[in-house]
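Here is a walk through one protein chain, taken a region at a time. Keep the structure open and follow along.

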Amino acid sequence: MIRAAFIGIDRYADPAVGDLNGAVRDAKSLWAVMSDSIEGLTASLLVDADANLDAVTRVLDETLGAAEADDVVVLSFAGHGTPDHHLVVADTRAEDIPATTISMADLAERFRQSRARAILLLLDCCFSGGAPARVLNLGVAPRAVGMPLADVVAGQGRILFAASAPDEPALEDPQTRHGLFTKAVLDCLLNSDGPVSVVGMVDEVVRIVRANAGRFGYVQTPVMFGHVEGELSLPAGQRGANYFAAFPELVPIRTTGDFTELEGYGIPTSVLQAWRERYPDGLNALQIAAINDHNVLGGNSLLTVAPTSAGKTFIGEMAAIKAIVEGRKAVFLLPYKALVNEKFEDFSAIYGRQLSLRVARCSGDYQDQVSEVLRGKYDIAFFTYEKFLGMALAAPHILNQIGLVVLDEAQFITEPGRGMTVELLLTNLIAARGRGIAPQLIALSAVIGNVNGFERWLGCRLLLTTERPVPLVEGVLDRTGGWQFKNPDATIQEAQLIDRRTVQQRGAKPSSQDMIVPLVRHLVDQGDKVIIFRNMRGSTAGCANYLANELGLPAADRIIAALPDGDQSVMSERLRGALAGGVAFHHGDLNRDERVAIEQGFRDADGGIHVLVATSTVAAGVNTPASTVIIVETEFFGRDGATPYTVAQFKNMAGRAGRLGFENEGKAILLADTPMERARLFRAYVEGFPEAITSSFDARNPGTWVIRLLAQAKEIERVAVVDLVANTYGGYLAMLRDPRWRERMSADLELLLDRMVGDGLIEQEGERLHLTMLGQACGQSPLSLESALRLVEMVRQLTPADATPETLLVLLEALPERDDDFTPQNRSGESRWQQNAGHRFGSDLIRLLRRAATSDRAYYARCKRALIVADWIDGIPVRDIEDEYSLNPFNRVGFGDIRGFADGSRFLLESAIRIASIIFEQPMDEERTEALFRRLDLGVPAEMLSIVDLKAGLERGELLTLWRAGVDTPTKIAAMSIEALEHLIGRRAAQLRTLAVKSTEIMAAS
C-alpha cells in the first residue's frame, strides 16, 4: 500500500520568518489529488500552525514507522529551508534554528530505520537564495554544518526529489499560487492517462521548472538523488471529492447537458432559452467536460483542442455570457476579417437584438467600433489578431476592462506569417498578470499533434479530444475507383467507391476532372452535400463551372437573386454561371457580399447549392459543414514554389465532413492517380499524426521580437531584456530544450541592443532602457524591424510637404511585407508598369520604390501594386482594373488581388503615418488621413464620402453608379425623385433619399 504525509507552511509564528503564498496550496493539492486517485490511501495533511515541530516529527515517525516491507511512502514538504539544510516548521524560532527545525540528518536516520520498500520525498524548499525563494536567510552564518542532500537517501529504495540544486532558489508562481516544482509534479500526475513512473517524471519536471523559472529571470533545476530497483510509479491523478472539498471555490456546478442546470451560474433565463432553441439536444460531451471537469464557467482558463464541428466555440460563448453576467467584458480573437464579420453578425442577431447586449467589432474596417471599445461601451467584441495586439499596445487600459479572452484557431501560432502576432498578443496577456490583470483565457484549436507544453505556457488547463459529434471516415480514392479508407473505429478497409468505367479522360491528358465529375455525380445522387477543396482560385472556379455544366442540377435562383448587382468582377460572372447549375465556389476573388450569400446558401437545406468548391480558407472557421469533403491536391503554391499540406491542414479540411443532425457519419476523400500513390497518401495523411504545436520565433533574427516586446514595457533593465524573450512561447520551448539558451541569447541581445540604440530606437539611461517615440512607433507597428528601418530611411528622404498620406501609401510597396504579397505577372516581369507609375506618382517617388528590390521583376511588381491600389481608391470599376492589369489568362489579376493589395496597404499605412509624423515632428492632416483610410476600405473617390456618411449601406457598385451620374452630394440626392434614384440604384433608393433629405435639413439648420 501507499502511505503518505503532506506538509505545507505559509504562515510562520516568528515575525523574523517571512511568510509564503503557495506552500499550503501545494500540500493540499498533492494530498487531495493523491487521495482522490489512490483508493484506501493512508495520508496525513499538516498545514500552517498545525505543522509545528512536534506535529511534523510525530507524523514522520507514524508514517515511516508504520510502513511494512511492501509499502511505498510518499512525503511532501513545502515551505522554507535554511542554508544549513534544515526544514523550517511553523513554530521555528529564528534565534534557535538548530533546536526548532528538522535537520536533513534526522530525516536520513528515519529513512534508514523505516521498513518501507520505497520512500519518495518531494522537497519544495531551498537552501540558498533570497526573496522570493523558499529559504530562510537571516543574513548570519549557519549555526550548524548541513549534510549533503545525497546523504539523506543513502540506501536502496530511497529517493529525494528536490525543487532545486543546493545553490539555487525554489520559486513560487504568483499566478498559480504554487511552487514551480510542485505545480510541475501535479501537472505530470493530472495530465497522465496511466501510471506515472517516478523516474520518468523527473525529466519532464526538470524541463518544466527550468523553463518557468527562466521566465522569471532565475535558474532553478530540480534534482533527484537515490535509486530504486524495479519500477516505482504513482497512479494517474484526478480531481475529485477531496480536491473540491479542499478548494470549494473551484467546485463547478455540474451539468448533465440540460441548459436549465446552468441557472446556478447566474446566466439569465432569456439566454438559456435562446441556447435551448439553437441546441435542442443540449450540451454535448465536450462542453459538459469543460464545465464539469475544468470549471470553465467558474473562471478557469482552458486550452481546448478538438476536431472541427466538435462544439469548441460554444465553450467560449458560454464563458463570455458568464463574464458579462459578472460585470466583465468578453473579447473574441479571430484570424480573418471575414470571420470577425460573420461572428459579429451572428452575435448581434442572438445577443444584440434579442438580449440587448452591446456587440462590437474591430477588424481594421471603416465600420469598426474602435471608439466604443476604447471607452468600454461594449459587452462582447470581436477582433482580428492584429487589431487586438495593436490596440492593446497603443491603449493598454483596455485590458483592465476585459474579463475573458477567447482565442479562436489558436493553432495559427505555428504559422510563419501570423504566428508572431498570436504569440506576442498571448505574451502580452501573460505579462499583464504581473500587473494584476488576469482575464480568463480560453484558447480553441483545431486538431494538432503534441501540445508541446502550450497549455503550461498559457497557464491553462487542457481539454483534448479526437471525438467528433459526427464520426468521420477518411480515405484515398485512385483513378481505378478503388477506395482505401479508415473507419471511426480505426479499422482499415478497401472498396470500389465508383465504377472505374466512369473515370474517363475529358481533355488532352488525364486530369482531376476525370475523377471529380463521376465521383461528385455519385455523391449528389445519394443526397450528399459536397465540398471540394482546391489549391488555387482559378482551378476552384473552373471546377465549379464544369461541374455545373455536367451534373444537370437545378439552378440556385434564390442565391443568384441575393448577389450584389454592381461592380462585378470576372469571377462574379463565373459564379452566376456555376449557380445556374446548382454549384458554387468560394475564394478570395469574390467580394464579401458574394461570399456571405454562398455560405448562407450552402448551409441552408433549401439554398439550392449542392456542391461548393473552395480554397482552404473555408476550413478555417467558416461555418459550412458538408456530408462529404473531397480534397483534390496535397500542396499549396506560393512565391517559393510548392509546399505540401501538413497533416493538420489535411485534417482540418477533412473535418468539414459530417453535418450534425443530418448524417450518421461524414466522409473525407483524398484523390490519387494510382494505387501506389493512394497507398502513399493514405500513410501520410489518413494515418498521419498532426504536427506538434510550436513557435515561429527565430533565434537567429530576434530583432522584430525584441522591439515588439519592448513596446509592451515602459522601461526595463538592460539585463532583463532576455526575460522578455524568455516569456514568449518560443523562449519557453528553447529553455525546455537547452539549459544554456538564456546565456547564449543574452550575448546576442547585447549586440542587437547596441544597434537599436545607434538607430535611435532605444534610449539608455544608466542600465535602464526604454524605446524612443520612434522606437515605440516601430514596435507597435506590424512591421518587422528591418522594414521599419527601411521605411524610416525612405521617409527621411522626403520633405515634410511631400510626406502626404498618399505618398506614404505608394512607399509602402517597397517594404518586405508587401513584396511577400504575391503579384501576378509574367516570368520576366512587366516593365510597362514602371513607366506608368513614373507618370502617375513622379520620378522621385518611383526611385524610392526601387530601394532594396531583389530584382527588376520585384520592382515592377511594386509599381504594379501601387497602380492597382491607386485605381481602386479612384473608383475604377473592378472589371476594368482586372482587364487592365491581366496581360494573359495565366497571370490574371482578380478581385481578390485588388482587395488584398488595398487591405495590405491599409494595414501598414497607419504605422507609416505615425512614423512620418514623429520624424517630421508634425502630425498628418487628420481629415485627409481618415478619408484615405475610408477610400481604401470602400474603393471610392473622395467626392463620394459624403454619400457614404449617410450610412445607407450602399455597395461599391451603387456608389460608383451615382458618381458617374454626377450625384456626389446629399443635396443632389435630396433634389432627385425616387423614380430617378431607383433607375440608378434600385431598391435602396427610397432609404437613401430619406437619409439625404434629413442630412440636408440638418446642414441647413446648422
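## Confidence

This is a predicted model, and the chain averages a pLDDT of 90, with 97% of the residues scoring at least 70. The stretch to treat with care is residues 140–147, where the pLDDT is below 50. Even so, that stretch has 17 contacts in the model beyond its near neighbours in sequence.

## The nonpolar cores

The largest nonpolar core holds 180 residues, and the members that touch the most others are Leu-426, Phe-454 and Leu-710. Helix H36, residues 895–920, supplies the largest share of this core, with twelve residues. A second core sits separate from it and has 65 residues, including Val-520, Tyr-546, Val-613 and Val-629. In soluble globular proteins, nonpolar side chains do tend to be buried together.

Zoom in on Leu-710 for a look at one of those hubs. Leaving aside neighbours within four places in sequence, Leu-710 is in contact with Ile-716, Val-721, Leu-724, Leu-753, Met-756, Ile-762 and Leu-771.

## A covered strand: S18

How many of the six residues of strand S18 are buried? The count is six of six for this strand, which spans residues 440–445. Both of its faces are covered: Gln-440, Ile-442 and Leu-444 are buried on one side, and Leu-441, Ala-443 and Ser-445 on the other.

S18 has parallel partners to look at too. Strand S13 (residues 302–305) runs parallel to S18 and is joined to it by four bridges, with Leu-303 partnered by Ala-443 of S18. Strand S17 (residues 402–407) also pairs with S18 in the parallel sense, again over four bridges. In that pairing, Val-406 has Ile-442 of S18 as its bridge partner.

## Helix H8 and its two sides

Now turn to helix H8, residues 269–278, where the buried residues are Val-271, Leu-272, Ala-274 and Trp-275. Looking down the axis of H8, these fall within an arc of 160 degrees, so they line one face of the helix.

What covers that buried side? Helix H10 (312–325) and helix H11 (337–353) are among the elements covering the buried residues of H8. The face turned away from the buried side carries Thr-269 and Glu-277, which are exposed.

## The S21–S22 hairpin and Gly-481

Strands S21 (residues 482–486) and S22 (residues 492–496) pair in the antiparallel sense over five bridges. One of the matched pairs is Gly-482 with Gln-496 of S22. The two strands make a hairpin with five residues between them, and in the turn Ala-490 has a positive phi of about 75 degrees.

Next door is Gly-481, in the loop between strand S20 (472–477) and S21. Gly-481 counts as buried because its relative accessibility is 0%, under the 20% cut-off. Not counting residues up to four places away in sequence, Gly-481 touches Ala-495, Gln-496, Leu-497 and Ile-498. There's a long-range relationship here as well: the C-alpha atoms of Gly-481 and Pro-675 are separated by 9.6 Å, although the two residues are 194 apart along the chain.

## Thr-182 in helix H5

Thr-182 belongs to helix H5, residues 180–190. Is Thr-182 buried or exposed? Its relative accessibility is 3%, so Thr-182 counts as buried.

The side chains of Thr-182 and Asp-26 are joined by a polar contact of 3.5 Å. Aside from neighbours within four places in sequence, Thr-182 is in contact with Asp-26, Leu-30 and Asp-124.

## Two glutamates with positive phi

Most residues other than glycine have a negative phi, which makes a couple of glutamates worth a click. Glu-409 has a phi near 55 degrees and lies in the loop between S17 and helix H15 (419–432). Glu-921 also has a positive phi, of about 55 degrees, and is found in the loop between H36 and helix H37 (926–938).

Where do these two stand on burial? Glu-409 is buried, with a relative accessible area of 11%, whereas Glu-921 is exposed, with a relative accessible area of 73%.

Methods:
Residues numbered from 1 in each chain as written. Predicted model: local features only at pLDDT ≥ 70, side-chain atom pairs only at ≥ 80, totals over all residues. Heavy atoms only, no water. Pairing = 2+ DSSP bridges. Core = buried A, V, L, I, M, F, W, Y, C linked by side-chain atoms within 4.5 Å. Buried < 20%, exposed > 50% of the residue type's maximum accessible area, 1.4 Å probe, protein only. Contact = heavy atoms within 4.5 Å. pLDDT = per-residue confidence, 0-100. Polar contact = N/O pair within 3.5 Å; in protein donor to acceptor, adjacent residues only side chain to side chain. Arc of directions from axis to C-beta.
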